[in-house]
Amino acid sequence: MDKDLIGKKSKEHRKSKSGAKVNKKKKKNAEQQAGAAKNAKNNPKAFGVAKIGRAKRTIQRNIDKAHQKEYVPQVNRVEDTPPPTCVVVMGPPGSGKSTLIRSLVKRYTRHNIGEIKGPVTVVAGKDKRITFFECPNDLNAMVDLAKIADLVLLMVDASFGFEMETFEFLNILQVAGFPKVMGILTHLDKFKNNKSLRTTKKRLKSRFWTEIYQGAKLFYFSGIVSNKYPKGEINNMVLYIARMKYRPLTWRNSHPYLLVDRFEDVTHPDAIQQNALVDRKITLYGYLRGTHLKPGMKIHVAGAGDFFMHSVTSLPDPCPLPSKTSEKRHLSDKDIMLYAPMSDVGNITFDKDAVYINLGQVNHSKRDQLHIEDDEDDQVVTGKGSEGTEMVQKLQAIDRDLGIDERLKGATLSLFKNTAAIRADELESDEEDDEEDGENDDDDEDDDEEEEEEEEDDDEDGSSRARKSNPLEQIERDATGRVRRRAIFNMDNDEEHDEVMEDNSDDDDDDDDEDDDDDDEEDEQADASQMRWKDNLIERAAKNFLEREENDVNLMELVYGAPGKLHVADADEPVEEDDDDGEFFTLKSKKAAKQKNSATDVNSLDCSRFHIERRDMKAWDLPDLLESLRNKFVTGNWEKKQSADGEGDDSDVDGSFEDLETGEVHVGKDDDAGDDSGDEDEEGESPEAMRKRLGDEKAKKRAELDAQDEDKEEVDEEMTEIMVEAKKLQETQALRNAEEFGKEGENTRLQLEGFRNGLYVRIEIHDVPAEFVTGALPTLPILVGGLLPHEHALGLMRLRIKKHRWHRKILKTNDPLVFSIGWRRFQSLPLFSIEDTNERHRYLKYTPEHMHCGATIYAPICPPNTGVIAFQNMSNSVDGFRVSATGVVLELDHTFHVMKKLKLIGHPTKIHKNTAFIRGMFNSELEVAKFEGASLRTVSGVRGQVKKAQRGEKGDFRATFEDKILKSDIVFCRTWVPVEPKLLYNPVTSLLQSNWRAMKTMRELRAANKLPIPVNPDSVYKPIVRQKKVFNPLKVPAKLQAQLPFASKPKQDKKRAEQSYAVKRAVVLEPEERKKYTLLQQVNTLRRDKQTIRQQKNAARTEESKKRKAREEKQFEAVHRAEKKAKYRAEGKEAAYRASKA
């Protein structure tokens, strides 16, 4: 700010904000801005780029990124009721797999499960189920489970680190399509130092991310509480599992498959008794996954072989979803939250032809909780429970000492309800009486057999009691240092068991003495018992008739409906027969009895009870009347409804009335009209309808939120339209299917469409080897995969294969390998080859290092792009990495041409300028004729050609060369001969043989039999001995030497015949010179001595320095190796990126 002369500050200038001058200036500025904007739009250089090449690369990179985001949408074949998600828990022994499954089952179902065997299915939510399977330490099981796993929980013992089984399983997952993987670190409570714990976590997480992907989820389980993991950590894992989304894999999306929950042997017992190794008939049960399973489709049981299905049946879901279950009929009904048949979990299992009742660990009912009714002859124990409970208690009360014939003699049967029971001994026919005489002769032998059977039953009873008792745990340590827990059963009751056995033996002796007396009494009572059923026949018939008439109507059936049979197939539907003979066993209605008891009937029973006329009674067998009666009970709908004819107690509640004075009728509002109609409907709706309505509202809100999120993101409009159209077509097809098959029924739909995924099916197969049943282990998975029509035949397949970098040895052609392709596991002989630039497949004896090569095998054909994994040895006792190679199927054909290079060697016999006669290359004139015109080459590089065969000589021929050859030259001809692959297909039957033996390699056979390696003498490398070439001296004529310049003349001094004067003379030193020479020698000796000492010290110092450097290098060796590996990995990625761009 300026100051005046006095020093005071001058007044600031204030710019005017209004007026003509200001407006003029504003107008001018606006015009300038408009002109600048106009010039900017029309200026072509304004949007130019400084570097065209850089802009081009940027645009191309953006296009590539957008192209990488494009993908072909996978068809999700999941139906309305999806199958349970398959979660495989994998880890080395002792890593905590069983503890994790028990913790998850406890979290989902509130049940404590003991030993984990086979699949364990739990209900994880309203519309979600999960099947857990513990992967055993077996390579065959790893391969099978990797093919069906939706999610893998990878257990790692943090106190030990990663083990080879973990990396082998990860490689198997990569070939199978690599499902979702989550890692779990256990045994973290063994770390006492927090620093070492953090270091271990960081190191394991880094390695885990390297194997899976950067950012893969890894959980840390600190310890165990009550034999389970902490609830907080389990809840965290459950949350991640619930949010997991699974992408359908190609192989599973095109094939049906199921993981067997359980299997049953339905072979006739007589066939097994006659021949224990007879082929069996078995039934397999499980949830169907993948595509539709057609009834006539061929299946493959992994580890057993290929079979044709004898029958397929859909069964009721043993573990249904809560959203799909029907309305509960009793308050005591509970949803099934857990289904694990191989782990002895569950109560009742329904089969097509049987019902299995599982009592768990309850062997007998407690007598203090029962009511005991004392009869004259025996005691019948009845418990407090339903009819099923009483039936089981009666079965428990059966005397086990009696044979089946004695039990049948005392059996009774009632043909009608509330009628006298018919005894078995009252219905003996005349034919049986005639046969009694012949059968009495064999009584003694039968008695002896029955005694032996009773003794065996007693032994089985004792062993079953020992098995069902709770075991004790004993901690032991084996030779390898592994802690093992031995289960010891409580056998304190051995003495009592022996006493019982002795008492039974004494009773048997007494029974033998009394058999003779019993036979005489039975003969006398036989005639009387045959006529016993005719006594008082008329009185008993009248009494039974009156009892039937006095019975009340079964309100349970009227309210809850008649109990229907589980729908299995059309065979269970009742068949109507018009035959009159069947009416005897048909349950009739009580209309005729009511007509007899009516008041108009003269012959009716005289009674003081009021009888209702038939015309006054309603037909309660009509469905409408039954529904109206159902709504009067608790389980019915109490909503106020108006009757169809306008009559009823609630007819005037709506507000309608008639004015009696004027005769005008006022009509009230309907219940559906008005603002409160929705609330009234909600108050009267059933719980199932309310649940469905609330679910629809939540789904609608969730869809609106998802739509808002999609609007925020950048979405390809074209792709969105395609997806919407595809979804619309899918929904339309689903509606058409439901509409079409709704009329025909479920069975017709299954016949035409096949069995959908999500159904619980029963598959029956025949001609199964007996070892499948006798050697079955519940811990091993049984995988059943459907085969497409083109996958039945055997043929040649060409694979692109690569030896795994961790496998110790290279692979050799025609050495057997175990391949896993599709559902099958088999052994075959691969023929390795590599493709040349001229598309010729050249034979390889060994697989190349770090390169892919081709392999031709003979096996059941699979579609191209199917993953392949190979093993050289499947045993668990093999050291090193067991995965030998990985690859993919390229093509299928009936034959493949693999060519092998062959060199034919010959030697020249006669040489005439450029023509020579060659011998030893061929054996006949015919072979020479086949190779006429073939190219030849000598070791020195002279090229030639085969001309004609020489007559009279076997295999000699004439050849021409581009230069004269020598007799010492070797002539060879390069040829190509086809190599045929060996046809071997040996399926792996691991479920039939626990110790399945594969075909051994030549190296293993030589090592087992101690055979030396055969040596071909021609292939032995011999030392090359070359004779020294002696050249003749160069002689130049003297006349020519005289004409040559001096520089070109030969300068060779002749050897002197006599010594020269310098050599012959003698040197004599003077005394003074001798002293000087001696002094110099002494000085040189001292110098050399000092130099030697100095060199030794330098050598010692160098040695010490080398040791110090070696210690430092050893200390930082891991760091340098990691840096070098990271460097090479980055260079490899950069090279691959450049190659992909090129």
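Tyr 257 and Trp 823 are both buried in this predicted model. Their rings also form a pair: the centres are 5.5 Å apart and the planes stand at 45°, so the pair is described as tilted. Tyr 257 belongs to strand β7 (residues 257–265), while Trp 823 sits in the loop between β25 (817–821) and β26 (824–828). The two parts are 566 residues apart in sequence, so the ring pair ties together distant stretches of the sequence.

A pair of aromatic rings is described by how far apart the centres are and by the angle between the planes. The structure contains 15 aromatic pairs. Another of them joins Phe 162 and Phe 167, with centres 5.5 Å apart and planes at 45°, so this pair is tilted too. Phe 167 has a relative accessibility of 8%; buried means under 20%, so Phe 167 counts as buried. Phe 162 and Phe 167 also belong to one aromatic cluster, together with Trp 806 and Phe 881.

Strand β7 leads to the next feature, a barrel. Here 6 strands close up in the order β7-β8-β22-β10-β9-β23, with antiparallel pairing. Ignoring direction, neighbouring strands of this sheet are turned by 45° against each other on average. Within the barrel order, strand β9 (residues 298–301) pairs with strand β10 (residues 305–315) in the antiparallel sense, over 4 bridges. His 300 stands opposite Asp 306 in β10.

Strand β25, beside the loop that holds Trp 823, leads to strand β30. The two strands run antiparallel and are joined by 4 bridges, and Ser 820 stands opposite Ile 869 in β30. Strand β30 also pairs with strand β31 (residues 883–893), in the antiparallel sense and over 5 bridges. In that pairing, Val 868 stands opposite Gly 887 in β31. Of the 5 residues of β30 (residues 867–871), 4 are buried, so the strand is largely enclosed by the rest of the structure.

In soluble globular proteins, nonpolar side chains tend to be buried together. The largest nonpolar core in this model has 45 residues. The residues with the most contacts inside this core are Ile 148, Val 152, Leu 154, Phe 169, Ile 172 and Phe 871. Helix α4 (residues 139–148) gives the most to this core, namely 6 residues. A second, separate core has 28 residues, including Leu 151, Ile 241, Met 244 and Leu 338. What does Val 152 touch, not counting residues up to four places away in sequence? Its contacts are Val 88, Met 90, Phe 169, Leu 173, Pro 179, Lys 180, Val 181 and Met 182.

Two further residues show polar contacts. His 841 lies in strand β28 (residues 841–843) and counts as buried, at 16% relative accessibility. The side chain of His 841 makes a polar contact with the side chain of Arg 798, at 2.8 Å. Leaving aside neighbours within four places in sequence, the contacts of His 841 include Arg 798, Ser 833 and His 897.

Thr 938 is found in strand β34 (residues 935–938). Is Thr 938 buried or exposed? Thr 938 is buried, with a relative accessible area of 2%. The side chain of Thr 938 makes a polar contact with the side chain of Ser 940, at 3.1 Å. Leaving aside neighbours within four places in sequence, Thr 938 is in contact with Phe 961, Ile 965, Asp 969, Ile 970, Val 971 and Phe 972.

Conventions: Residues numbered from 1 in each chain as written. Predicted model: local features only at pLDDT ≥ 70, side-chain atom pairs only at ≥ 80, totals over all residues. Heavy atoms only, no water. Buried < 20%, exposed > 50% of the residue type's maximum accessible area, 1.4 Å probe, protein only. Polar contact = N/O pair within 3.5 Å; in protein donor to acceptor, adjacent residues only side chain to side chain. Contact = heavy atoms within 4.5 Å. Core = buried A, V, L, I, M, F, W, Y, C linked by side-chain atoms within 4.5 Å. Pairing = 2+ DSSP bridges. Axes fitted to C-alpha atoms, helices over the stretch in contact; angles between N-to-C directions. Phe/Tyr/Trp six-rings, centres within 6.5 Å; stacked < 30°, edge-to-face > 60°.
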